[in-house]
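Work through the exercises below with the sequence and the model at hand. Each task is followed by a solution in steps.

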Amino acid sequence: MAGAAVAASLAQCGWLVEVLDTAPALGAGASGLPVGLAAPHVSPDDNVFSRITRLGVQATTHRASRLTDAGLMTSADWGLTGIFEHRVKGKRALPSTNALPHDEDHRSSRASHAQLEACGFSTEVPALWHSQAGWLCPRPFVAAQLATPGITLRLGCAVHRVSRSDGQWHAWDAGGQLLTQTPQLVLASAFETQALLQTLVASDAGPSVHLPLNTLRGQVSFGALDHLSEATRSVLPPFPVNGHGSFISGVAAPNDSAAHWFVGSTFERDCSQAPVRTEDHADNQTRVNTLLPHLAQGMARGFSPSHIQGWAGLRCTLPDRLPAVGALDPARWPGLLVCTGMGARGISLSVLCGELIAAELEGYALPLPPELAKHLAARRYTQTISRNRHN
Ligand SMILES: Cc1cc2nc3c(=O)[nH]c(=O)nc-3n(C[C@H](O)[C@H](O)[C@H](O)COP(=O)(O)OP(=O)(O)OC[C@H]3O[C@@H](n4cnc5c(N)ncnc54)[C@H](O)[C@@H]3O)c2cc1C
């Protein structure tokens, strides 16, 4: 998603973009997620993370709308349905309205009685309604963005090493063959971004650069709606529910166009592999029982071994939960940018990050206020290193 978002943002500005990906098909990494949420984050003080995420969700839904208008996505790929957020244990309070910009305060509000009822709750249960939010399937979103004129996609193209000479960036494969050369290179390869930066450090013998990228494994459990009883199907919420994991229904599975339900997701640190595990289905079942207690009994049938399916992937995270975007060290590496560390929110953040890179390269106005953009700047890591060196 990060690579596709950057490519689409640049191609829209008239750039010719070549996208190189190791995988033989789209959606190989975390972006192979069957479906996820474009969901804002709220906090009582409307903190940096909330403000960035809200702008990110707007950028994503705006792009998905445009791609739909262009016939590149359909209502089977995403839906601006609104999201119900069950404030499990009172988490995630709304800011007071005067903490929000005027045009934002209607986007997230207390859930209505009808919305609470649709989720099987009484009117006292704390819950929010995010009107400008929804679900999205990453693969068709990636494919649609990569269909932007000006983009050439090269799948099965693993970059082993990058180097720079004569004002050009070079990408090499493991056999030492030159894959491409370009004046501007964006590394948007999740964890591999660090390994590729290391090849560069090794070649120019300068100080090391360390993006503290970590893995956070996650598993989604899903099943066909047809496998649930009619009584359970009749009480499923008609919109996605978030707050303690998430619940989405009525969306096709990766290889099955029938309507499915999806419950996610687990969180597990320090994993290098992402197999689907039975115990993680059990975790997700517990999650949905807390999120939507009225479904607990009915969903048990969906979680039975004969019906349950799963998908697992590795999120690529940074310690402050925000991506690293843009130039790392323009004096040392002119024309080299990164876009990585989307964490658990690539759907919500990748387009905003793509727009930020396009603004940086084109000299356009930033897509978010500078005081927020600085929290996304990849340079925050290289600057820390040089400060530490200086001290
Ligand atoms: C279980 C789970 C649930 C999630 N739910 C949500 C959700 O509800 N909402 C949300 O916003 N986000 C969600 N996410 C997070 C989201 O999926 C990620 O943030 C996003 O997919 C990351 O995109 P990316 O492009 O940065 O990384 P990836 O999708 O991992 O892509 C990296 C790409 O780089 C390529 N690559 C790597 N190395 C090289 C190389 N050397 N040469 C060439 N190509 C290379 C890979 O092949 C891959 O295609 C979820 C993630 C998981 C695992």
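**Exercise 1.** Find the loop in which Asp 270 lies, and decide whether Asp 270 is buried or exposed.

*Solution.* Step 1: Asp 270 sits in the loop between strand S17 and helix H7 (278-291). The model is a predicted one. Step 2: count the other C-beta atoms within 10 Å of Asp 270; there are 8. Step 3: a residue is exposed if that count is 12 or fewer, so Asp 270 is exposed. Step 4: the phi of Asp 270 is near 55°, a positive value in a residue other than glycine. Most residues other than glycine have a negative phi.

**Exercise 2.** Carry out the analysis for Asp 166: state its loop, its phi and its exposure.

*Solution.* Step 1: the loop that holds Asp 166 runs between strand S9 (161-165) and strand S10 (168-172). Step 2: phi of Asp 166 is positive, about 50°, although Asp 166 is not a glycine. Step 3: Asp 166 has 6 other C-beta atoms within 10 Å and is therefore exposed.

**Exercise 3.** Describe the peptide bond from Gly 264 to Ser 265 and place Ser 265 in the chain.

*Solution.* Step 1: the omega of this bond is near -20°, and the bond is cis. Step 2: most peptide bonds are trans. Step 3: Ser 265 belongs to the loop between strand S16 (256-264) and strand S17 (268-269).

**Exercise 4.** Determine how covered strand S18 is and how it pairs with strand S13.

*Solution.* Step 1: S18 covers residues 309-317, and seven of its nine residues are buried, so the strand is mostly covered. Step 2: S18 pairs with S13 (residues 214-224) in the antiparallel sense, over nine bridges. Step 3: one bridge can be checked by residue, as Arg 217 has Leu 314 in S18 for its partner.

**Exercise 5.** Characterise the shell around the ligand.

*Solution.* Step 1: the shell has 37 residues, and the closest are Gly 29, Gly 36, Gly 218, Gly 346 and Ile 347. Step 2: elements that each supply at least two shell residues include S13, S18 and helix H9 (346-362). Step 3: by class, 18 shell residues are nonpolar, 15 polar and four charged.

**Exercise 6.** Compare the radius of gyration of the protein chain with that of a compact globule.

*Solution.* Step 1: for 391 residues, a compact globule would have a radius near 21 Å. Step 2: the protein chain has 21 Å, which agrees. Step 3: buried residues make up 42% of the 391 residues.

Terms used
Residues numbered from 1 in each chain as written. Predicted model: local features only at pLDDT ≥ 70, side-chain atom pairs only at ≥ 80, totals over all residues. Buried ≥ 20, exposed ≤ 12 C-beta atoms within 10 Å, placed from the backbone. Helix = DSSP H or I, 4+ residues; strand = E, 2+ residues; numbered from the N terminus. Pairing = 2+ DSSP bridges. Near = placed C-beta within 6 Å. Nonpolar A, V, L, I, M, F, W, Y, C, P; charged D, E, K, R; others polar. Rg over C-alpha atoms; globule rule 2.2 N^0.38 Å.
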